[in-house]
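User: Hi, I'm new to this. Could you walk me through some of the labels people put on a structure?
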Amino acid sequence: MTSNEISKGILRATGILAGIVLLLYFLYEIRSVIAYVAIAVVVALIGRPLTLFLRRRLKFPNTLAVVFTMLLMVGVLAGIIALFVPLITEQSRNLSLLNIEELEDSLNRLYQEVILYLGATPEDVNQIIRESQLSKNVMEGLDLAFIPNILNSFLGILSSVSLGLFSVLFISFFFLKDSKLFQRGLLVFIPQRNETKTVTSIDKINGLLSRYFIGLLIQILILFTIYVIVLLLVGIENAIVIAFLCALFNIIPYVGPIIGGALMIFLTMTTNIDADFSTVILPKTGYVLIGIVVGQLVDNFFSQPFIFSSSVKSHPLEIFLVIIVAGLLFGVVGMIIAVPGYTAIKVILKEFLSENEMVKRLTKNL
């Protein structure tokens, strides 16, 4: 190999590396747009079964079916947001009338009753009372100059969310209206010899992920129903909002149910903060804990196996390992996208490496 060939090879490798770096930088700069497109794809996959039903069974024109689907999804989103309005309004009113000393005394009393119930010594309780005075000192030294900055940040977040919501709805509409739009855009970057396999992969991925996201919604609905029943029976205020919020945490595999359960128990205890601990707070918390356990048993032994086996065609142990690895590599976001991402990879491997023995064993259920 001559020095000229070596130089050309180095230049070529340098050019390729520079191109990759520029591409990654470009993708980083447009990460918001990529996120909008990804969310729009999920929305389109969720709305796809309803659109097909309206077109094929009820003979709706394509555009009308898409409009009806989008309006229904926006209505559901608006209804969910409306559930939180009374809670936010109530909390805002409470904050405006909040007596800090009274709140601190209530929290101290709850702290003391919990620790005494668990068998702590009076010295421990006195130490907790002394330490709890820190909140009063913090409030006394609080500088209210931060309020304008918070308002500006809130307006900035509100404008970003509004732009994002409009973008997602706009993109989702066209993805639903023309189901091949995303496919055609992707095929621009695919060599012609691989177009057939790519189209087959996209169709399979669409079908599997549509069933997966629909199953995920059913899973959340089942947990929501169980939590609402438990909270209403116990007599917790804003039961619907609390149940929905805690059920929504279940989207995060393994970690989400723990966070949701802890949040529900905390809200149960603080809702009855002025009541007697041993006769009111503790029994209600116990009933809520039983409801959480029942909900998770139903979810783990019914909902999740049904979703994983019938939608993404993967064994629960296989899914568990994939979620753990994705969580270690990419955190909470990785855990959320682990299952759909792994499903897409399996479909692609089956189409393009169908002769490989390892791929055959891995994708035999697809």
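Analyst: Sure, let's start with a term: a salt bridge is a side-chain nitrogen of Lys or Arg within 4 Å of a carboxyl oxygen of Asp or Glu. Bear in mind that this is a predicted model, where local features need pLDDT of at least 70, side-chain atom pairs count only at pLDDT 80 or more, and totals for chains, interfaces and linings use all residues. Residues are numbered from 1 along each chain as its sequence is written, and side-chain values use heavy atoms, leaving out hydrogens and water.

User: Why is the pair Lys204 and Glu351 called a salt bridge?
Analyst: Their closest N and O atoms are 3.0 Å apart, and the cut-off is 4 Å, so the pair passes. Lys204 sits in helix α9 (residues 195-234) and Glu351 in helix α13 (residues 316-352), 147 residues apart; helices here are DSSP runs of H or I, at least four residues, numbered from the N terminus.

User: How do you know whether Glu351 is buried or exposed?
Analyst: Buried means under 20% relative accessible area, exposed over 50%, and partly exposed in between (1.4 Å probe, protein chains only). Glu351 has 14%, so it's buried. Its partner Lys204 has 36%, so that one counts as partly exposed.

User: What makes Lys346 and Glu318 a salt bridge?
Analyst: Same test: their closest N and O atoms are 3.4 Å apart, so they're within the limit. Lys346 has a relative accessible area of 2%, so it's buried. By this rule, the count comes to two salt bridges.

Key: Helix = DSSP H or I, 4+ residues; strand = E, 2+ residues; numbered from the N terminus.
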